[in-house]
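Open your viewer and get ready to select residues one by one. This short tour tells you what to click and what to look for.

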Amino acid sequence: MTVEIERPAAAAPRVRADRERTKRSRTARLRVSARIARRQVRRTWVSSLLIMTLIALPIAGMAGVAVYVDSMIATPEERADVELGRMQAWVQPAGVPNEGFWQTPDQVWWTGYGGLDWSGEIPDGEIPADPIHALPAGTETVLVSQGEERIETAHGIGLIAAWGGAVWDDRFAGRFSMEDGRAPAASDEVIVTAATLERTGAVIGDDLTLAASGDEFTITGTFAVAEFPDDRSGVAFADSDRYGDKRWYLPEASLDWPQVQELNEAGMVAFSREVVLDPPPFSLPDGNTYVGSATQQLYSVLALAAGLGAGGVAAAYMVVMLAGAAFAVSARRQQRALAIAASVGADAKDLRRTVLLQGTVLGLIAGGVGLAAGVGLGALVIALTDNGSATMFWGFHVPWLLLVGILVFAVLVGTASALVPARSVGRSDTISALRGARRPQKVTAARPLWGSLLILVGVAITVVCGIAAGAVTANTTLPYDSPLRWLPFVGIIGGPILAQIGIILSGRWLLWLASRLLSKLGVSARMASRDAVANGARTVPAFAAIGATVFVGVFAIGLGVMTVEQSARSYMYNAPVGTAVATLYPAGDAPLDAATAATAADAAREAMAAAGVIETTTALRQEEYWADSVSDIPADALRATALMPERVLRERGEDAAGMGWSWGELNSPQNNLTVVPADGLETVLGVRVSAAERAAYEDGAAVVLDAGYVTDDAITVGAWTERQWVFGGAPDNMPIDPATLVRDGGTVFEPEPAEDAAWERRLDAIVVDAPESGVTVALSPETAADLGLTAVDRYVFGRFAEPPTQDDMDRLYALADGASTDEYGVSSWVESGPSGAESWLIPLLIGVAVLVVGASAVALGLARFERRPDDATLAAVGGTRGLRRRIGFWQGLVIAGFGTFAGATAGILPPIGFWLQSQTAGQGPMDLADIPWWLPGTLVVALPLGIAAVNWLVPPRTPALTRRNVIA
């Protein structure tokens with residue numbers, strides 16, 4: 001039975017009134033908490049300034065990165081301006097008419113025919129010579145062609161970009177622009193970029209000489225190209241049809257998307273300002289998804305936001321720890337004021353809200369300051385790093401939406417920093433706070449137990465996941481997209497993080513254990529360690545922040561150095577370190593002939609000499625063919641190679657099963673003979689040969705750098721036709737991997753044997769240990785002629801008098817580029833060897849040291865600030881300045897030492913996990929011995945000692961003997 005009770009009519013208004021009073025009460029309490037928080041922020045301005053600085057620094061960095069990166073992302077308007085200037089469009093022949101040629105709206109060189117992309121089969125037909133017939137009658141066009149020119153420079157020959165046509169037209173402003181002088185008025189006049197003047201040593205009015213023809217042109221002015229950096233050279237001629245790559249620009253006629261499609265059908269590709277600024281919906285003809293430039297820009301911004309978020313979380317951890325410690329000190333200084341508020345009616349929620357609002361206020365202020373500083377910093381870095389190219393920084397972009405997110409992030413960080421102190425304030429004893437009691441905190445067993453468990457679990461996860469990751473990597477049957485392929489790697493990194501969290505949870509307990517040991521080292525050590533335990537809210541976050549920094553540093557040092565050394569062991573040298581190398585290659589499909597190769601080698605030697613090379617050596621190689629059919633290769637073309645015994649091939653295949661093989665051109669198993677003059681052996685090999693070895697080399701012996709080819713002090717050289725090398729019949733001469741052998745019913749099918757060689761010869765072998773040379777077998781020119789090898793100049797090696805500088809390398813690259821012609825190409829570089837860890841290791845160590853010192857300075861500064869009453873008490877009972885100095889020393893040692901030890905212990909676990917993975921996977925295992933163990937040791941020992949010493953050197957303030965608190 002349901003009984004209905006009739007509510008008096010007057011009850012409803014009373015309920016509404018009660019709710020209104022409650023709402024007003026909550027609002028009033030919030031206003032009071034906000035007012036108290038604001039006043040406390042002003043009153044404790046020193047700690048407030050410290051907290052704001054801690055928050056503002058990473059916020060400024062995030063804002064600066066956001067501005068810097070976003071300024072490198074082009075908007076459609078900026079892209080159109082750089083491409084067109086003030087023109088409306090350009091049109092260029094690119095396809096066969098009436099064959100379904102198409103392009104995408106805003107990525108104009110994404111083209112194809114029908115459902116095929118550009119890599120598909122091109123229909124038969126002629127590409128139109130110009131677009132005039134496809135444009136409406138009377139359409140104004142400006143023809144500009146583009147190519148390259150080899151010019152005479154002050155130090156040799158240079159290859160520079162070139163244009164033909166009226167690039168000085170005012171309507172090109174934004175793409176081309178006149179800077180000085182006047183436009184060319186005749187066919188024998190040119191304008192150049194400022195870099196060309198500098199490179200040639202000329203001024204306006206001088207002549208520019210073309211290297212190929214010797215033609216001279218008078219320089220009448222200078223111009224700028226929007227996408228060119230300041231140091232890139234270019235030239236513009238008056239004749240618009242000078243080069244084959246031609247574009248017709250439309251100054252007035254605007255092209256909409258239907259008009260662009262009509263031009264596509266006529267075999268033209270068009271870049272239209274109207275279409276790029278407002279691209280229509282588009283689907284690729286083959287059904288694949290089309291991602292337009294606007295979507296790509298959005299993806300870039302999202303990637304930037306994700307990167308900032310990841311970096312922000314890491315920075316927030318340190319900020320929350322250090323700012324939390326500062327808030328803990330500030331909250332304890334406010335205990336009496338908050339206790340007074342509690343005595344007049346404020347409850348625990350009000351007290352917590354007051355401290356939390358302080359964090360919110362400071363986060364908001366620090367966020368605003370950090371954003372302003374970050375935007376200014378971004379502008380400064382852009383100004384300092386701008387190379388003059390409009391495509392490096394498209395404009396000064398301020399991503400307001402991202403900055404608003406960063407500001408919200410700053411507020412959250414400030415609020416989170418005050419969270420733990422706020423909870424402690426809410427649990428404080430009002431009577432004790434009013435009385436001024438300062439009792440030490442008690443250490444409970446719950447956190448040490450949980451922390452110890454997390455440490456053990458984290459270590460176990462790292463080891464297990466390291467072994468599992470290796471097994472998964474070696475498993476070829478597991479699907480590539482299976483979560484099992486990446487979950488172990490998450491565990492390798494997540495396990496150490498879990499262990500570090502365990503160390504933090506057990507922080508006060510670990511400090512308490514340390515205090516029992518340090519108590520035996522004297523009064524100063526005992527007082528410093530007990531102070532750390534008593535003020536765990538300050539000390540634990542401080543050494544947690546230090547530990548996080550050292551964790552990242554040790555992780556990067558261990559894994560990075562092991563990876564670098566692993567790569568160095570498999571690095572493939574082309575020449576001794578510091579040697580200049582020029583490769584000669586054909587400009588077309590046909591191999592280099594002897595005469596053309598000799599001409600190319602002379603050009604390369606001239607470029608090297610101009611770049612500072614004092615000695616050059618030319619190495620000859622047998623040319624290889626790239627052919628589609630047998631008839632494309634001469635029947636009498638032979639190629640010889642040194643043969644590796646089959647037993648060695650099998651041994652090497654078993655030793656590196658599943659790893660695969662890779663070779664450079666000089667040590668290719670099927671073309672491993674290099675012809676080197678005796679005088680050039682030292683330059684090519686990087687080591688000296690004795691007089692006896694040189695004499696034997698000149699008499700017909702071969703210099704062998706891989707002893708696996710040698711049997712009974714000799715090697716076997718065999719020759720097969722070039723047709724056999726390309727289409728089958730010649731030996732593989734490569735290690736035999738057992739995993740690649742096909743098995744059917746237990747029968748092993750060996751690789752097919754090679755056909756009989758055209759000839760074989762045994763040559764005496766001189767085994768030389770030259771690890772920095774890319775050569776496998778070197779023969780003298782006389783020996784090569786005796787064997788009948790057809791070899792041509794293919795490499796030029798050069799030796800500098802001193803180790804080359806970056807300027808020497810840049811000069812060599814520029815000069816060698818200018819040596820290329822339509823008949824041959826020259827590519828040059830300087831062998832630098834495998835990259836070392838110094839380039840990133842030194843900045844990493846500096847960064848870690850700065851962050852550790854900064855975190856320690858904050859923690860020790862807070863400790864000194866909070867210890868002022870204790871210092872007064874010590875001074876009152878006879879404590880000397882030396883005692884207080886020693887206390888400062890031990891405080892620095894405890895905080896920094898605990899942090900670096902915890903961070904290094906957790907940070908070395910991921911490298912061990914990846915080492916276990918490499919051992920199990922069997923793919924070029926890493927080696928723990930590669931880790932420079934003295935570096936983590938320095939971080940753990942020397943850095944804390946240095947911090948402690950500095951804290952000892954800085955004298956404590958003279959105590960004010962106005963109050964004396966008894967130390968519990």
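Start with Thr462. This residue is buried, with a relative accessible area of 2%. Buried means under 20%, so Thr462 qualifies. Keep in mind that you are looking at a predicted model.

Now show helix α13, residues 446-474, which holds Thr462. What is Thr462 in contact with, leaving aside its neighbours within four places in sequence? Select Gly491, Ile492, Gly495 and Pro496, then add Leu909, Pro910 and Gly913. Those are its contacts.

**Stop two: a nonpolar patch**

Stay with α13 and move to the surface. Select Trp450, Leu453, Val457, Ile493, Ile497, Ile501 and Leu505. Together they form a nonpolar patch with about 590 Å² of accessible area. Two elements, α13 and α14 (487-505), each give two or more residues to this patch. Which element gives the most? Colour α14: this helix supplies four residues.

Click on Ile493, a residue of helix α14. Is Ile493 buried or partly exposed? Its relative accessible area is 33%, so Ile493 counts as partly exposed. Compare that value with the 2% of Thr462.

**Stop three: a positive patch**

Next, select Arg31, Arg35, Arg38, Arg39, Arg42 and Arg43. These arginines form a positive patch on the surface. Zoom in on Arg39. Its place is in helix α1, which covers residues 11-43. Arg39 has 46% relative accessibility, so this residue is partly exposed. The mark for exposed is over 50%, so Arg39 does not reach it.

**Stop four: a negative patch**

Now look for the opposite charge. Select Glu152, Asp188, Asp206, Asp207, Asp215 and Glu216. They gather in a surface patch of negative charge. Where does Asp206 sit? Find the loop between α4 (194-200) and β9 (207-209): Asp206 is there. At 34% relative accessibility, Asp206 is partly exposed.

**Last stop: the whole protein**

Zoom out and switch to a cartoon view. The secondary structure comes to 29 helices and 25 strands. How many residues does the protein have? There are 968, and 45% of them count as buried. Thr462, where the tour began, is one of the buried residues.

Switch on the surface. The accessible surface comes to about 47100 Å². Carbon and sulfur atoms account for 58% of that area.

Finally, think about contacts along the sequence. Take those between residues at least 6 apart: 83% of them join residues at least 24 apart.

Note on methods: Residues are numbered from 1 along each chain as its sequence is written. This is a predicted model: local features need pLDDT of at least 70, side-chain atom pairs count only at pLDDT 80 or more; totals for chains, interfaces and linings use all residues. Side-chain values use heavy atoms; hydrogens and water are left out. Patches are made of residues with over 30% relative accessible area and no salt bridge: like charges are joined within 9 Å, nonpolar side chains (Val, Leu, Ile, Met, Phe, Trp, Tyr) within 5 Å. Accessible areas come from the Shrake-Rupley method with a 1.4 Å probe; for residues, only the protein chains shown count as cover. A salt bridge is a side-chain nitrogen of Lys or Arg within 4 Å of a carboxyl oxygen of Asp or Glu. Lys and Arg count as positive and Asp and Glu as negative; His and the chain ends are not counted. The place of a charge is taken as NZ of Lys, CZ of Arg, CG of Asp or CD of Glu. Buried means under 20% relative accessible area, exposed over 50%, partly exposed in between (1.4 Å probe, protein chains only). Contact means heavy atoms within 4.5 Å.
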